Amino acid sequence: MTILSTSRRVLRYRIARALIIIFAIWSLAEIHLIQHRIYEVDHTVLRHRPQKHERIYIASINWNNELILRSHWIKALSQLVLKLGPENVFVSIYESGSYDNTKGALRELDWELERMRVHRNITLSPVTHEDELAAPASGEGWISTPDGKKQLRRVPYLARIRNLNLLPLQDLARQGIMFDKILFLNDVVFTPNDALELLHTNDGKYAASCALDFSKPPNYYDTFALRDSKGHEPIMQTWPYFSSAASRHAMKNMSPVPVTSCWNGMGMLTSILESVA
């Protein structure tokens, strides 16, 4: 009886060890494959070329991000505008009461866009977040916290700011100026080719497409609005990211990942343009 029990324990131990080894080998193979595909993507010359000169409305909200504006963002935006063609672009920027010198950085961007003859609207709001909180708390934009305080609800607040960011579309439409796509740019590090790849996702056939906002790769940052192809929230902020097999498979193959909703570091929209006009 003792010998049989010992044999079973040894067998279970060997099976468990074999499974762990198999899993480790499989994981290493997956990591190697993914890294190889990432290398291929990073070292492949952008193949997509627009079939026509699309008009792009570039929208961005800025708050306390002077550092990234000066170190990366302004230069990348200027290069992107040159690639798209200054005559094909309208830049709309809304700055919402920053405490740093974001306003100064955006004034410099305004001068650069003027030099490039880019049509634009840059709004520098004096209203800070502290001012917003000091306003009378009423309506749907507020929520009561457990400690009895009133706080601004994030989604209505951001929706209002983004609507202000899109407001020039109405005036432009009245002038007969229409756009093929809207590109939302967050305060992220990006390259012009990143934006062009997003622009031509699925050969330009989509209602919306988004980038993943990585903070410390392979961890990505913004999961608030992201839902996989089956409508599920991300299961974790690193691989395998999604519970949907279709979404995981596409990401593993460096293909556009099917999702039901997204709003990350960059977002390209097409389907709302007719309703705005």
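**Note on the predicted model: serine 209 and its surroundings**

1. Start at serine 209. Its side chain reaches the backbone oxygen of leucine 198, at a distance of 3.4 Å. This is a predicted model, and the distance, like every value below, is computed.

2. Where does serine 209 sit? It is found in strand β7, which covers residues 208-210. Is serine 209 buried or exposed? It is buried, because its relative accessible area is 6% and the cut-off for buried is under 20%.

3. Which residues does serine 209 touch, leaving aside those up to four places away in sequence? Leu198 and Thr201 are among them. So are Cys262, Met266, Gly267 and Met268. Leu198 thus appears twice in this note: as a residue that serine 209 touches, and as the owner of the backbone oxygen that the serine side chain reaches.

4. Histidine 200 belongs to the loop between α7 (192-199) and β7. Its relative accessible area is 10%. Histidine 200 therefore counts as buried, the limit being under 20%.

5. Look next at the pair histidine 200 and methionine 268. In sequence they are 68 residues apart. In space, their C-alpha atoms are 9.7 Å apart. Methionine 268 is also one of the residues touched by serine 209.

6. Now turn to helix α1, residues 2-42, where isoleucine 22 lies. Isoleucine 22 counts as exposed because its relative accessibility is 53%, and exposed means over 50%. Isoleucine 22 also helps to make a nonpolar surface patch, together with Leu11, Ile15 and Leu19. The area of that patch is about 410 Å².

7. Some totals for the chain. It has 9 helices and 12 strands. Of its 277 residues, 35% are buried. The exposed area is about 17,200 Å², with 58% supplied by carbon and sulfur atoms.

8. How do contacts spread along the sequence? Take those between residues at least 6 apart: 69% of them join residues at least 24 apart.

9. Confidence deserves a check before reading further. The average pLDDT of the chain is 83. A score of at least 70 is reached by 80% of the residues. Over residues 273-277, pLDDT stays under 50. For that stretch the model has 7 contacts beyond four places in sequence.

Conventions: Residues numbered from 1 in each chain as written. Heavy atoms only, no water. pLDDT = per-residue confidence, 0-100. Contact = heavy atoms within 4.5 Å. Helix = DSSP H or I, 4+ residues; strand = E, 2+ residues; numbered from the N terminus. Buried < 20%, exposed > 50% of the residue type's maximum accessible area, 1.4 Å probe, protein only. Polar contact = N/O pair within 3.5 Å; in protein donor to acceptor, adjacent residues only side chain to side chain. Patch = residues over 30% accessible without salt bridge, like charges linked within 9 Å, V, L, I, M, F, W, Y side chains within 5 Å. Areas by Shrake-Rupley, 256 points an atom, 1.4 Å probe, with all protein chains shown as cover. Salt bridge = Lys/Arg side-chain N within 4 Å of Asp/Glu carboxyl O.
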